[in-house]
Amino acid sequence: MTSQTIVDKAPQDAVPPSGLRGHPWFTLITVAVGVMMVALDGTIVAIANPAIQKDLGATFAEVQWITNGYFLALAVSLITAGKLGDRFGHRQTFLIGVVGFAAASGAIGLSSSIGLVVSFRVLQGLFGALLMPAALGLLRATFPAEKLNMAIGIWGMVIGASTAGGPILGGVLVEHVNWQSVFFINVPVGVLAVVLGVLILLDHRAENAPRSFDILGIVLLSGAMFCLVWALIKAPEWGWGAGQTWTFIVASVALFGLFAFWETKVKEPLIPLALFRSVPLSAGVVLMVLMAIAFMGGLFFVTFYLQNVHGMSPIDAGLHLLPLTGMMIVGSPLAGAMITKFGPRVPLAGGMALTAIAMYGMSTLETDTSSGLMSLWFALLGLGLAPVMVGATEVIVGNAPMELSGVAGGLQQAAMQIGGSLGTAVLGAVMASKVDSDLAGNWADAGLGQLTGAQEAQASEAVQVGVAPVAPGTPDAVAAKITDVAHDTFISGMSLASLVAAGVAAVAVGVAFLTKRGENAEAGAGAAHI
């Protein structure tokens, strides 16, 4: 995997790209193919989980780790993976990431036990972490500043469309082929990305790129990230007030503190803390976290709402989310153009304001809400998210020095993963609390009698995902009452969670005004031409 190398900030040594190799737009197409795999696998697998559970005889907890293992590995290793790209070149790490991700995907499809599936999902996450920051590093180095936002806009469009389109494609594959096809599909996509990468990608390296590794920094940061994400994943099971949950949270804070101290002492730190002296970069990271809390947390309940309350099939539920996907596809390049012309502040603030309005609108959904009204709120959400995906990414990557573009890309992706985990965990806790407080009263008010402690706990768990806890043989009239109570209680919980998400998005509007155009966006422009 060798190629010509361009050393940025050293024009006298630069080898100008010729033909396909190093061409900015073909570079964008290449990295988009690779990134599509990682983004798609974040959501496509959720549709396959029930089939995997049945086929492999797995428990519910084991199936949860198909998703948790992937996101945990991805979140923990993103920043370190970005540093590897800065050290060895983003082209190499991108190609290694693609090959490893596709190979792990094929191995999952061939797995005959849940343990193997989870193990290879962790490997997927590790290789995906190599791939994602490298893609951003390649774009940063290849595109001149005046076209970088448009490139990131298209890159964000691919991520948004893949994330939102995962349930649709997953539903089609599981329903008409098998669950293994959800993973096998990554193999030909990976082969295509590798072929394009070998032919097109040109390795750009900053003149003052890091030459050593901060091993202790990697260990401390990875440990801190692991403890934080683990606490968020396990909190719904352990309880937010449980000693186990707070042990991991406190350990995470302590490790982050030790990491920050060590970074001031080492010669070539993993993340130079001076990076965060840039208010716009720090604001971009916070904005990405807040956006992901509102988006991923809110969307988590919408899938249950569509399938379990409205009774839609996975494919139908995915089709109902097409307005969200469509607006992200349309809005991302437009947002890139707007940010290039006007700067990031107004588009970012406007995007988060639209996101807040959309989440408020989703808090008004009822059991009988029409598809047209749902589509309106989903479309508004997609339109609001598009400029944030593009703008926050540009703010983070563009305000970092060229030699830290991989680390900046890792920061951007890590912020999104942590925000998504926070959103699912915190809004899940809001939902659970609301359901627990309302269910027994609603049950009694419907004339269904009193629930015992064990019955209430069991019923509450089902209602939190919109399922009516109707026992076999229950008379139709009683079953209808139970269904009404379950759905009404679920709706009340989802409404409160959506309002919290709207509040988070409203806070993010203020954060958006702290951002500004990347001060270092010009760094990679001299090495390439359009």
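This is a short tour of a predicted model, stop by stop, with something to select at each one.

**Stop 1: helix 5**

Start by selecting residues 114-142, which make up helix 5. How far apart are the end C-alpha atoms of this helix? They sit 42 Å apart, and that agrees with the 42 Å you'd expect for 29 residues at 1.5 Å a residue. Now switch on a surface and look for helix 5 again: 21 of its 29 residues are buried, so it is mostly covered.

**Stop 2: a nonpolar patch**

Keep the surface on and pick L110, F184, V187, V191, V195 and L199. Together they make a nonpolar surface patch of about 530 Å². Which helix gives the largest share of that patch? Color residues 186-200 and you'll have it: helix 8 supplies four residues. One residue to click on in helix 8 is L199. L199 has a relative accessibility of 49%, so it counts as partly exposed, a class that runs up to 50%.

**Stop 3: A254 and a distance to try**

Next, go to helix 10, residues 243-263, and find A254 there. A254 is partly exposed too, with a relative accessible area of 42%. Use your distance tool from the C-alpha atom of A254 to that of D214: the two are 40 residues apart along the chain, and the separation is 19 Å.

**Stop 4: a negative patch**

Now select E366, D368, D484 and D488, which form a negative surface patch. Where along the chain is E366? Look in the loop that links helix 14 (345-362) to helix 15 (371-398). E366 has a relative accessible area of 43%, which makes it partly exposed.

**Stop 5: the salt bridge**

Last, show the side chains of K434 and D438. How many salt bridges does the model have? The count comes to one, and here it is: K434 pairs with D438, with their closest N and O atoms 3.2 Å apart. Both residues belong to helix 16 (residues 405-445), where they are four residues apart, or about one turn of the helix. An α-helix has 3.6 residues a turn, so residues three or four places apart point the same way.

Are the two partners buried or partly exposed? K434 is partly exposed at 26% relative accessibility. D438, with a relative accessible area of 19%, is buried, because the cut-off for buried is under 20%.

Terms used
Residues are numbered from 1 along each chain as its sequence is written. This is a predicted model: local features need pLDDT of at least 70, side-chain atom pairs count only at pLDDT 80 or more; totals for chains, interfaces and linings use all residues. Side-chain values use heavy atoms; hydrogens and water are left out. Helices (H or I, at least four residues) and strands (E, at least two) are DSSP runs, numbered from the N terminus. The expected span of a helix is 1.5 Å times one less than its number of residues. Buried means under 20% relative accessible area, exposed over 50%, partly exposed in between (1.4 Å probe, protein chains only). Patches are made of residues with over 30% relative accessible area and no salt bridge: like charges are joined within 9 Å, nonpolar side chains (Val, Leu, Ile, Met, Phe, Trp, Tyr) within 5 Å. Accessible areas come from the Shrake-Rupley method with a 1.4 Å probe; for residues, only the protein chains shown count as cover. A salt bridge is a side-chain nitrogen of Lys or Arg within 4 Å of a carboxyl oxygen of Asp or Glu. Lys and Arg count as positive and Asp and Glu as negative; His and the chain ends are not counted. The place of a charge is taken as NZ of Lys, CZ of Arg, CG of Asp or CD of Glu.
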